[in-house]
Amino acid sequence: MTTSDVLAAPGAASDTPEAAPGARQLWRRLRAQRAALAGVAVIVLLVLVALAAPLLAALEGQDPDAYHASAVDSALGGVPVGSFGGVSADHWLGVEPGTGRDLFARLVYGARISLGIGLAATVVQVVLGVAVGLAAGLGNRFLDNLLSRTTDVMLALPTLVFAIALLAIVPAGFPRPVLLVLVLGLLGWGGTSRIVRAQTLSLKSLDYVAAARLGGAGRWRIARRELLPSLAAPVVTYSALLVPSNIASEAGLSFLGIGVKPPTPSWGQMLSSATTWYQADPTYVLLPAGLIFVTVLAFTALGDGVRTALDPRAGTRLRAVARGRKGARP
Amino acid sequence: MTLLTRFALRRLLAALLVLLVLSIAVYALFYVLPGDPARLACGPKCTADQVAQVRTQLGLDDPALAQYAHFLHGLFAGTDISTGVGTEHCGAPCLGFSYQNGEQVTSLLAQRLPATASLSLGAMALWLVIGVGTGVLSALRHGGITERLLTAVTLAGNAVPVFIIGILLMLLFVSVLGWLPFPSYVPLTEDPEQWAWNLVLPWLSLAILESAKYARLTRSSMLDTLSEDHVRTFRAYGVRERSVIGRHALRGALPPVIALTALDLGTMFGGAVLTESLFGIPGLGKSLVDSVRTEDLPVVVGLVLVTGFFVVLANAVADVLYAVADRRVVLA
C-alpha cells in the first residue's frame, strides 16, 4: 500500500459518505425496481440471441442471405406466400417480400449489429468523454477553456446531421460497422466530458485529493487513483442512457440507407425496405419496428433504473419501496 | 445601453465566434483532409478534365489558409464561381456550386426551406398545445394518474426514434383505418388544404415525442411557480383560481418552455432528417440524405453549415429570450 492510499482511505470515507456503491449494491438497488428489472431481462435475452445468432439460424435451418423465390408470389409483385408475411415451419417469422430471405435469421443477425454498434459506440464516447473531462478539470485555465468550449459546440450540434455528412466523405472501402462506431463515438462524447469536468472540479478541492498531492502523487496518478473511482457512479449513470440513443442512431442511419451496407442484416435497413411494402405486408414492418422499439425501451428502462440506484438520495426511497412491498426489513 | 441589450449583444457575439470556429472545422474536415476533395466535390460521374477544372475553381492547389479565406469571402461578400460552362456571380451567403445539379448551393437550399419550415412550425404548434396543456393539468393534479402516465410516456418518448412512431402511425391511419392519404408533400402556396392534410402524420409523429418532454418541463416549472410567495398572495387576496393559474402562475412557468422551444426549433430547421425521409418531405433534411447518396459534397457541406448556423443561433436566441423573461439571468 502506498502513501497516497493510506492518506486517501480515511478521507474518502468521511468526505463522501454517499460514495459510489459497489456493483453488488447497484444490483441490489436495481432489483427493487420493476421496470429496470424487466429491462435487464430483455437485454439479457437480446444479448443471448445476438451471440447465438448462427446457432439459432442453423436451428431453424435457414441462412440470412439466401433467396427463396418459391416463398414469394411473383405474380403479386413479390408478396410472401401464406399468412402473416409467409410464416411457416420453414420460416418462423415469415420471409422478406421480393427476395424471400428468411426474416427470423435476418432479425437475429441484425441484433448483432444493433447491440454491437450501440455498445461499442458508447465505449468510445465514454473513454473520450472521461479523458477530455479529466484533462479540462485538471488542466490549466487555457486548456480548460479550450476543451469546455469545444464540448459546448459538440453538445449543441445535431449528431445525426454530422454523422450523415461524415459518412459521405469516408472512402467506400472502410468497414462500415467500425465506421459507424467511430462516427457516433467521435460526435457523442460531449455530455460525459461535461459531467466528468464538473465532478473533477469539485473533487479536486476535497481534502483527500489534497492529501494525495502532498503525498507526492502526480496529476496522472491523482486522476487514476483518486478521481476515477469517484467518477464511476456519474459516468455509469450517464452512459447507461447513451446506449439506447446510440442504438436508435444506428437504426436511424441504417434506415436512411447510410448505415451498414447490404447484405449485412440490420433492423434499421429492414425497416426502410419495409416502408415500401407496408400496405401489402404489414408484418414485415412490425417485426423490425417492434424490435427496435423494445430494445431501445429496455435500455432506457435500465438506464433510468441505474440513475435511481446510483442517486445518493435513492437509498431511502428504495428502502421505502421495498418496505411497502415486502413488509418492514431490519 | 441597458444590461439586457449588452447581454444580448455579448451572447450574439459569442455565437458568431462559435460559427466561425465551426466553419473552419467544417472546411478543414471536408476540403483539406480528404485525399482528393475536387473529385468529391465534382461527384462520381466527373471526367478527369472536369475534376481539374473544379480543383482550380475551388483553389485547391492554394495553401489551406488561402482556400479558407476565399471560402469565407464568398460566404460574407459573395464571389464569382465557374459553373463548368461559364462563370456566374454567387451572392452572399455563397455556399459554393453543386456541379451535379448545375445550380448554386444557396438557391438549392432556399428551395428546400419552405417544406422544412412547414414541418417544423406545424409540429411545434401541436406539441406546444399538447405538451403545455398536459403539463399544466398534471401540475394541478399533483401525484395523480396523469402524472404517472406522463412519466411513462416521457420515458418512452425520450427513447423511441421518430421513424418508428411515424411508421406505426402510418400503418394505423393509412393502412388499417384509411382515414388519411399516404403523405405526399403539397406546397402551402399551391393548396393549403392538401398541404395541411398531408402533413398531419409527420406533425403528429414529431409532436407525440416532443410533447412528452414539454409536458414534463411545464409540469415541474409550474409546480415551482405555484409554490412561490406571489401566487400565495394572489390567492390570499381572493383572485379567482382560474386567473391565478392562467394569468400569473403560467406566465412565471413559461420561460424555460420558451427557451426549449427555440432550441428545438433550431435543431429541427437544421433538418428533421428522419421525419422528412420517412414521409418524403422535400426539406433540408431529406436533401442531406439525397446529396450524401449522390455524393454531392458542396451541398452536404452547405447543409452542415446551415444546420450549425440554425443551432448556434437558436442557442443564442434561447438565452436571450430566457433573459427577457427572467432578468435575473442578466446579472449572473
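Let me start with chain A. The unreviewed UniProt entry places the feature "transmembrane region" at residues 35-57, 113-139, 151-172, 178-196, 227-247 and 284-303 of chain A. Keep in mind that this is a predicted model.

Take two of those spans. Residues 284-303 of chain A are 100% helix and 0% strand. Their end C-alpha atoms are 29 Å apart. Now residues 151-172 of chain A. Here the chain is 77% helix, with 0% strand. End to end, C-alpha to C-alpha, that span covers 30 Å.

Staying in chain A, look at Gly85(A). Where does Gly85(A) lie? In the loop between strand S2 (79-80) and helix H5 (103-138). Is Gly85(A) buried or exposed? Buried, because its relative accessibility is 10% and the cut-off for buried is under 20%. Now pair Gly85(A) with Leu206(A). In sequence they are 121 residues apart. In space, their C-alpha atoms are 63 Å apart.

On to chain B. Again from an unreviewed UniProt entry, "transmembrane region" is placed at residues 12-33, 117-137, 149-182, 194-212, 257-279 and 299-325 of chain B. Two spans again. Residues 117-137 of chain B are 100% helix and 0% strand, with end C-alpha atoms 30 Å apart. Residues 299-325 of chain B are also 100% helix and 0% strand. Their end C-alpha atoms lie 38 Å apart.

Next, the surface of chain B. There is a nonpolar patch made of Leu12(B), Ile258(B), Phe309(B), Leu313(B), Val317(B) and Leu321(B). Together these residues have about 450 Å² of accessible area. Which helix gives the most to the nonpolar patch? Helix H13 of chain B, residues 297-325, with 4 residues. Ile258(B) sits in helix H10 instead. Ile258(B) counts as partly exposed, because its relative accessibility is 37%, and partly exposed runs between the 20% and 50% cut-offs.

Helix H10 brings us to charge. Arg240(B), Arg242(B), Arg247(B) and Arg251(B) gather on the surface in a patch of positive charge. One of them, Arg251(B), lies in helix H10, residues 241-269 of chain B. Why does Arg251(B) count as exposed? Because its relative accessibility is 61%, and exposed means over 50%.

So keep helix H10 in view as you turn the model. Ile258(B), from the nonpolar patch, lies in helix H10. Arg251(B), from the positive patch, lies in helix H10 too.

Technical notes:
Residues are numbered from 1 along each chain as its sequence is written. Chains are lettered from A and ligands numbered from 1 in the order in which they are written. This is a predicted model: local features need pLDDT of at least 70, side-chain atom pairs count only at pLDDT 80 or more; totals for chains, interfaces and linings use all residues. Side-chain values use heavy atoms; hydrogens and water are left out. UniProt positions are given in the numbering used here, feature names are shortened, and annotations may be inferred rather than shown by experiment. Helices (H or I, at least four residues) and strands (E, at least two) are DSSP runs, numbered from the N terminus. Patches are made of residues with over 30% relative accessible area and no salt bridge: like charges are joined within 9 Å, nonpolar side chains (Val, Leu, Ile, Met, Phe, Trp, Tyr) within 5 Å. Accessible areas come from the Shrake-Rupley method with a 1.4 Å probe; for residues, only the protein chains shown count as cover. A salt bridge is a side-chain nitrogen of Lys or Arg within 4 Å of a carboxyl oxygen of Asp or Glu. Lys and Arg count as positive and Asp and Glu as negative; His and the chain ends are not counted. The place of a charge is taken as NZ of Lys, CZ of Arg, CG of Asp or CD of Glu. Buried means under 20% relative accessible area, exposed over 50%, partly exposed in between (1.4 Å probe, protein chains only).
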